[in-house]
Amino acid sequence: MANKKRRKAKDALSFSADYRSGSSRPVASDDPAVSRETVQERERLQDRDDIELDDFLPEGETLPDDDMLSKWRDESAAAAQKATDRTSRPRGKRRYGVLLGSVVLLLALVGVVSLAGMIGTQIYSSVTDDSALRAYDEQLACVVMQDPEPFDSPETADPLFVQNAALWKSILEKRSEWTGYDDAGLAVIPLGVVAASAREIFGSDFTLSPLAPTEETFYTYDSADNTYHVSVFSNDSAMTPYVEKSRTENGMTVLTVGYVLPTDPYRTDASESAPTPSKTMEYVMRTDEETGEPVLYAVREPA
């Protein structure tokens, strides 16, 4: 009996679309034969469909409004489009990027190698640089050409050697300070010029004592007007210095000085890198307190 009532209720139901709520719901028929049980079942189903989604959220939370949902959809679509663009990028551009990166790395490597080469060259130059020693060669030229006997201080050096060294310095470096030539064609060099040269060699506190040579030599001294009359000639036949090394001793600089003969290939052939000295002496240099320049203090045999 109950099954017949259900079939009658089912047949009595008709459906229509309720476009106002955005969904389709069964509309009850006006047939009074529909059982109360069927009506209650229909109402229960309708109440279930009407349950709000907010009921499933934690207390105090609500679903986002339409604007937020739209924004989320737009952002999701943009992210999807960006991923699509990346995957659809032409492979040729990727290859170009790899090639460009390789070139940059290669140039960087070349730069590092070049920098290392420059540093190596500078280190080598600093180790092999002998310009300071060659400067001593020029300073001591007028001394070595006299081949002096050893001495412990300028005051104990042979006075004639001191005068000769000062004269040669005046000849080689102070031509503009000569006062001219005498009737015999000899260069006239004032005592003051020679005394200044002696101070440059031995120090600012050194005083030259002029002497008339006892033997015939390349100059004479005129005590009447305090001038030297000098026969000027080439120094090519004299020995020249070649400073081999230096060291510090008791606050002074000790130079190992080689004496180079005029016939040494080093003096005649520019391709020769170093001479073969005929002998070696040690020259002790001190710093002039007045000028701050190195000056000769002593000459001695090598230890």
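**Exercise 1.** Determine in which sense strand β4 pairs with β6, and over how many bridges.

*Solution.* In this predicted model, strand β4 (residues 187-190) and β6 are antiparallel partners joined over four bridges. One of the pairings sets Ala-187 against Val-230 of β6.

**Exercise 2.** Identify how strand β5 is joined to β6 and what lies between them.

*Solution.* Step 1: strand β5 (residues 219-222) runs antiparallel to β6, and four bridges join the two. Step 2: across this pairing, Tyr-221 stands opposite Tyr-228 in β6. Step 3: β5 and β6 form a hairpin with four residues between them. In the turn, Asn-226 has a positive phi of about 55°.

**Exercise 3.** State which way the residues of strand β6 (residues 227-230) point, and whether they are buried or exposed.

*Solution.* Step 1: in a regular strand, side chains alternate between the two faces of the sheet. Step 2: in β6, Thr-227 and His-229 point one way, while Tyr-228 and Val-230 point the other way. Step 3: all of these residues are buried.

**Exercise 4.** Compare the span of helix α6 (residues 159-173) with the span expected at 1.5 Å a residue.

*Solution.* Step 1: the helix has 15 residues, so the expected span is 1.5 Å times one less than that number, which should give 21 Å. Step 2: the end C-alpha atoms of α6 are 21 Å apart, in agreement with the expectation.

**Exercise 5.** Establish how many residues of α6 are buried and which elements they pack against.

*Solution.* Step 1: α6 is mostly covered, with 11 of its 15 residues buried. Among them are Phe-161, Leu-167, Trp-168 and Ile-171. Step 2: the buried residues of α6 pack against α5 (131-144), β4, α7 (191-202), β5 and β6.

Conventions. Residues are numbered from 1 along each chain as its sequence is written. This is a predicted model: local features need pLDDT of at least 70, side-chain atom pairs count only at pLDDT 80 or more; totals for chains, interfaces and linings use all residues. Side-chain values use heavy atoms; hydrogens and water are left out. Buried means under 20% relative accessible area, exposed over 50%, partly exposed in between (1.4 Å probe, protein chains only). Two strands pair if DSSP finds at least two bridges between them. Contact means heavy atoms within 4.5 Å.
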